[in-house]
Amino acid sequence: MTNNNLLKVEGLKVHFKLKRPHLFGPRPTLYAVDGVNFEISRGRTLGLVGESGCGKTTSGLSVLRLVEPTEGKIVFDGINLCSLKAGALLEIRKRMQIIFQDPYSSLNPRQTAGSIVRDPLDIQEMGSSKDRNDRVSELFSLVGLRPNQKELFPHQFSGGQRQRICIARALALNPDFIVCDEPVSALDVAIQAQILNLLCRLQEELNLTFLFISHDLAVVQHICDDIAVMYLGTIVEKTNRKELFKNPMHPYTRTLLSAIPSRRSSKKLERIRLRGDIPNPVNIPSGCRFHTRCMYAEELCRTEEPKLIEKQAGHWESCHFETTTL
Amino acid sequence: MNNPSVESENTVLSVENLCVDFTIRGKQVHILSDINFTLGRGETLGIIGESGCGKSMTALALMRMVPSPPGWISAGRVVLNGEDLIKATEKRIRNIRGAEISMIFQEPMTSLNPVYTVGNQIAETIRRHRDVRRAEAWKEAIDLLDIVDIPSPERRVREYPHQLSGGMRQRVMIAMSLACEPKVLIADEPTTALDVTVQAQIFDLLKKIQNDRGTGIILITHDFGAVAEMADRVLVMYAGHTIEEGSLDEIADSAHHPYTKGLLRSMPEIDDDPDDVRKPLPEIPGTVPDLLRSIEGCPFAPRCTFAMSKCRDLPHYFDLGNGRSVKCWLAQEDIQAKEQA
């Protein structure tokens with residue numbers, strides 16, 4: 001293989017048809033993800049950041065084909081996932097897993113922790129029954145749980161421990177690639193640090209590739225190598241993390257950064273405040289999607305949609321102007 | 001123990017030795033132990049801690065809304081403008097709630113009534129506390145929506161909560177809590193359910209209201225960033241105890257209690273110029289104690305790297321001056337060392 005990309009997403013679109021508002025009316029379309037391109041190299045972490053409703057979770061789910069993409073190509077290790085049939089998809093899903101946001105609702109309350117972690121091994125029929133049990137014990141110690149906790153039920157664990165069970169389940173099949181969908185946002189601050197450290201350690205030990213979805217820029221800065229900022233179903237800026245925080249370009253990225261309360265009262269960024277809320281993804285604004293809330297918006301922004309172009313080496317932005325110099 | 005922060009004329013609310021107990025499976029559990037603090041006019045006090053540390057229960061106790069049974073306020077005083085709320089009659093407390101002290105809840109969707117328009121709900125609060133006509137209250141509701149920066153309030157006032165976005169609902173909650181110009185506003189995680197850009201808007205709004213009216217705000221949160229943005233003073237809670245109190249800068253720059261230090265270090269923070277390699281975050285080992293098991297001595301001792309034999313006894317508040325107090329034996333050593341020097 002010439003390039004080191006494990007995952008390549010091209011022109012990904014996910015549209016949902018909504019319920020008819022009237023009996024004979026047309027079904028409105030919700031443009032959850034509307035033309036997203038990114039790639040992740042092996043062993044690296046791409047962060048998808050944005051406000052709620054910007055399509056970051058839908059992107060993550062459709063990469064695993066848990067949500068069917070409407071259009072676009074998802075190439076995982078040279079194989080186009082969109083054209084795969086159920087059997088082949090099951091085979092390739094051994095290599096890709098997901099950790100969900102809420103460890104309270106993503107674990108079956110009637111299954112023991114051990115059998116939850118064993119489930120993927122049973123589904124994929126890996127080894128003998130004894131092998132599977134040994135693997136479960138190994139996974140428990142890998143994520144920092146005691147093997148004698150296998151017989152306990154999810155409600156007997158704390159939030160942090162439950163997220164460890166979810167991580168163990170995701171690791172069960174030795175995957176190459178894991179989608180982490182807001183893995184720490186439901187956890188307490190002190191526990192967040194424990195889980196983030198665990199994810200970093202596992203990534204180095206097992207050479208994992210992460211797609212890390214989060215709304216928390218501080219967490220993303222801590223864990224990701226590359227970051228893509230999403231707004232209303234599209235990526236508005238994409239670069240490595242050093243560049244993004246040192247030299248943010250897109251007006252939306254800069255607004256996001258300035259909205260985060262800083263711990264040091266002395267170091268206050270220049271404030272950019274947005275008015276109003278994120279527009280409804282059913283009625284996407286014409287032209288640039290951000291023009292309704294952007295302070296630099298001009299006539300051009302209302303009519304023509306900007307493309308995501310490489311403005312500096314490795315720094316992609318989708319904006320008609322160079323707003324950093326204004 | 002007396003509260004170290006000096007009570008002055010400026011004080012609107014003072015809480016003294018407040019204790020809340022619950023009966024859980026026939027056992028008496030201390031949910032809040034010995035809470036002390038004061039709130040001045042136009043001041044913002046941030047209460048920070050992990051979930052289950054008793055910060056929301058403190059807010060409920062101030063409003064006399066501790067769920068009962070199983071809970072009750074077992075000791076202490078909550079003095080608002082010279083009146084002890086703990087001793088107030090049920091009828092009196094109902095007049096105080098919403099008029100003199102009001103609360104913004106975390107989840108704006110569940111705290112608004114889905115079957116009434118927002119105008120109806122705001123006007124109801126106004127008419128409950130003041131003798132005004134329906135039409136007047138309605139007009140005031142529109143004015144309040146305008147104050148909290150809701151666009152076209154005449155239209156919005158007729159809408160139901162489900163027609164509004166999360167940020168707008170939280171604005172409606174704020175409008176409702178401001179209806180009777182309360183002296184104290186308790187904001188219990190007001191922005192946890194909201195996006196960062198909306199969170200910034202809500203904080204700006206709260207600050208503006210505080211400037212205009214001199215309202216004292218108690219901000220309850222687990223996010224130190226939010227506290228740093230809003231608060232003048234900070235109270236750190238752990239397992240039902242207030243373990244440290246001080247001004248924002250003192251807590252941020254020179255925390256004394258090992259838990260405060262650990263908590264602040266474990267939060268990732270945005271850096272304008274990040275390093276190329278990622279470093280592990282310093283973490284606090286273990287989890288918060290189960291309050292069902294009675295805790296002897298310092299509640300943080302089992303997780304504390306500095307724990308010593310003395311920690312088997314509960315430390316009392318050590319006053320470091322300037323309204324700064326710490327509940328840790330290490331502080332005593334610091335004070336002694338200073339005296340000897």
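**Exercise 1.** Among contacts in chain B between residues at least 6 apart in sequence, what percentage join residues at least 24 apart?

*Solution.* The model is predicted. Take the contacts of chain B whose partners are at least 6 apart in sequence; 64% of them join residues at least 24 apart.

**Exercise 2.** Judge the overall dimensions of chain B against the globule rule.

*Solution.*
- Start with the length: for 341 residues, a compact globule would have a radius of gyration near 20 Å.
- Chain B has 21 Å, which agrees.
- Along the principal axes, the C-alpha atoms fill a box of roughly 70 × 55 × 45 Å.
- Buried residues account for 46% of the 341.
- The secondary structure of chain B comprises 12 helices and 12 strands.

**Exercise 3.** Classify Pro70(B) by exposure and find its contacts.

*Solution.*
- Place Pro70(B): the loop between helix H1 (55-62) and strand S4 (71-80) of chain B holds it.
- Count neighbours: Pro70(B) has 14 C-beta neighbours inside 10 Å.
- Apply the cut-offs: buried needs 20 or more, exposed needs 12 or fewer. Pro70(B) is therefore partly exposed.
- Set aside neighbours within four places in sequence. Pro70(B) then contacts Phe22(B), Thr23(B) and Ile24(B).
- Check one pair: the C-alpha atoms of Pro70(B) and Thr23(B) are 5.2 Å apart, with their positions 47 residues apart along the chain.

**Exercise 4.** Which strands does S10(B) pair with?

*Solution.*
- Strand S10 covers residues 241-247 of chain B, and 6 of its 7 residues are buried.
- S9(B), residues 233-238, runs antiparallel to S10(B) through 6 bridges. Arg233(B) is bridged to Ser247(B).
- The S9(B)–S10(B) hairpin has 2 residues between the strands; Ala239(B) takes a positive phi near 50 degrees.
- S12(B), residues 325-326, is also antiparallel to S10(B), with 2 bridges. Here Glu245(B) partners Ser325(B).

Terms used. Residues are numbered from 1 along each chain as its sequence is written. Chains are lettered from A and ligands numbered from 1 in the order in which they are written. This is a predicted model: local features need pLDDT of at least 70, side-chain atom pairs count only at pLDDT 80 or more; totals for chains, interfaces and linings use all residues. Helices (H or I, at least four residues) and strands (E, at least two) are DSSP runs, numbered from the N terminus. The radius of gyration is taken over C-alpha atoms; the globule rule is 2.2 Å times the number of residues to the power 0.38. Two residues are in contact if their C-beta atoms, placed from the backbone, lie within 7 Å. Two strands pair if DSSP finds at least two bridges between them.
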